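User: Hello! I am new to this structure and would like a close look at a single part of it, with enough of the surroundings to find my way.

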Amino acid sequence: MKRIAVLTSGGDSPGMNAAIRAVVRKGHYHGLEVMGVYRGFSGLIQGDFTPLQLGSVGDIIHRGGTILYSARSNEFKTLDGQDQAVRKLQEQKIDGLVVIGGDGSFRGAQQLTDRGFPTIGVPGTIDNDIPGTDFTIGFDTAVNTVIQCIDRIRDTATSHERTYIVEVMGRDAGDIAIWTGLADGAESILIPEESYQMDDIVDRLVRGTKRGKKHSIIIVAEGVGSAREIGRQIHEKTGYETRETVLGHIQRGGSPTASDRVLASRMGAKAVDLLLEGKQNQMVAIQRNEIIGIDFEKAFQMKCQPDMSIYQLAEILAI
């Protein structure tokens, strides 16, 4: 293996740049040439490559987003698109590819491997919804961003004695809601993986009011439903004044935390190691603080579940 490439795909997440930096510098450390692919699989099909030297990734470890940009590609979902991508890689004399992204990006990486091209995935998504790894790049930063926002919302909630419903990202995964709910002392946490009863939420709010509580915070993962609708139901059942906040894409941006920078650096470097070892069709993962490689097929067969012990603890402490 003499030349490798790296791309970012899907939704951006803080720490992707740190992972790119690690791939480039670990590659050069081992005497490899490294190419960057702009705009994910779309750029791969178009042959949008650029050489990445040591200086190309200087001063990016602290930056959110991705210097290689990201894009969706319907063309890559076709067999012709995938064949075109492989041809472009071969034309550039690239021997292996690192794909940084989420579940959809990994399935794209697997399709390249199925066509005989060595590919390794690095999990980068704020939702923490990749099976087989304890954490994904960007999750910790997103959680800290949400916590900072809720801390500010709490000031207003206290001043006006209101109940605030905060909608966070997590279409199919409740990790952001669970972790921020525990860290910020939310009264209730609504996640896609667990059903809820509105009466239970209301009872918890009423109990808090009776013991003198002046405000409440309820966190809703976007996959559960609309914060506005939940706020409306609470107001109808209690008469409490409610306000709703949808944090949206603010959760994806910002400078990555130290934890995400370290995780991204470890994972990016491991991806290069796996390629040099002749591995392919694998994703990098962290399990019990050990960075390992897992076959895509094995990971895809796993079910991604949040740590429900954290969810249960949050419920107990919000009694």
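The part I would like to understand is strand 10: which strands pair with strand 10, and in what sense?

Analyst: Happy to help; let us start with how to read the model and then go to the strand. This is a predicted model, in which local features need pLDDT of at least 70 and side-chain atom pairs count only at pLDDT 80 or more, while totals for chains, interfaces and linings use all residues. Residues are numbered from 1 along each chain as its sequence is written, and side-chain values use heavy atoms, with hydrogens and water left out.

The protein as a whole has eleven helices and eleven strands; helices (H or I, at least four residues) and strands (E, at least two) are DSSP runs, numbered from the N terminus. Its radius of gyration, taken over C-alpha atoms, is 22 Å, close to the 20 Å of the globule rule (2.2 Å times the number of residues to the power 0.38) for 319 residues, so the protein is as compact as a globular protein of that length. The C-alpha trace spans about 70 × 35 × 35 Å along the principal axes. Of the contacts with a separation of 6 or more, 74% are between residues 24 or more positions apart, where contact means heavy atoms within 4.5 Å. Among the 319 residues, 53% count as buried; buried means under 20% relative accessible area, exposed over 50%, and partly exposed in between, with a 1.4 Å probe and protein chains only.

Now to your strand. Strand 10 covers residues 282-287, and five of its six residues are buried, so mostly covered is a fair description. Strand 10 pairs with strand 5 (residues 119-123) in the parallel sense over two bridges; two strands pair if DSSP finds at least two bridges between them. In this pairing, glycine 121 has methionine 283 of strand 10 as its bridge partner. With strand 11 (residues 290-295), strand 10 pairs in the antiparallel sense, over six bridges. Here glutamine 287 stands opposite glutamate 290 in strand 11. Strand 10 and strand 11 form a hairpin with two residues between the strands, and arginine 288 takes a positive phi near 55° there.

Just before the strand in the numbering, charged side chains come into view. Side chains of opposite charge can pair when their charged atoms come close. Lysine 279 forms a salt bridge with glutamate 277, with their closest N and O atoms 3.6 Å apart; a salt bridge is a side-chain nitrogen of Lys or Arg within 4 Å of a carboxyl oxygen of Asp or Glu. Lysine 279 is partly exposed at 34% relative accessibility, and glutamate 277 is partly exposed at 47%. A little earlier in the chain, aspartate 273 meets lysine 26 in another salt bridge (2.7 Å, N to O). That pair links distant parts of the chain, 247 residues apart: lysine 26 lies in helix 1 (residues 16-29) and aspartate 273 in helix 9 (residues 258-276). Aspartate 273 counts as partly exposed, at 22% relative accessibility. The structure holds 16 salt bridges.

For contrast with the covered strand, look at helix 11 (residues 308-317), where isoleucine 316 sits. Isoleucine 316 is exposed, with a relative accessible area of 56%.
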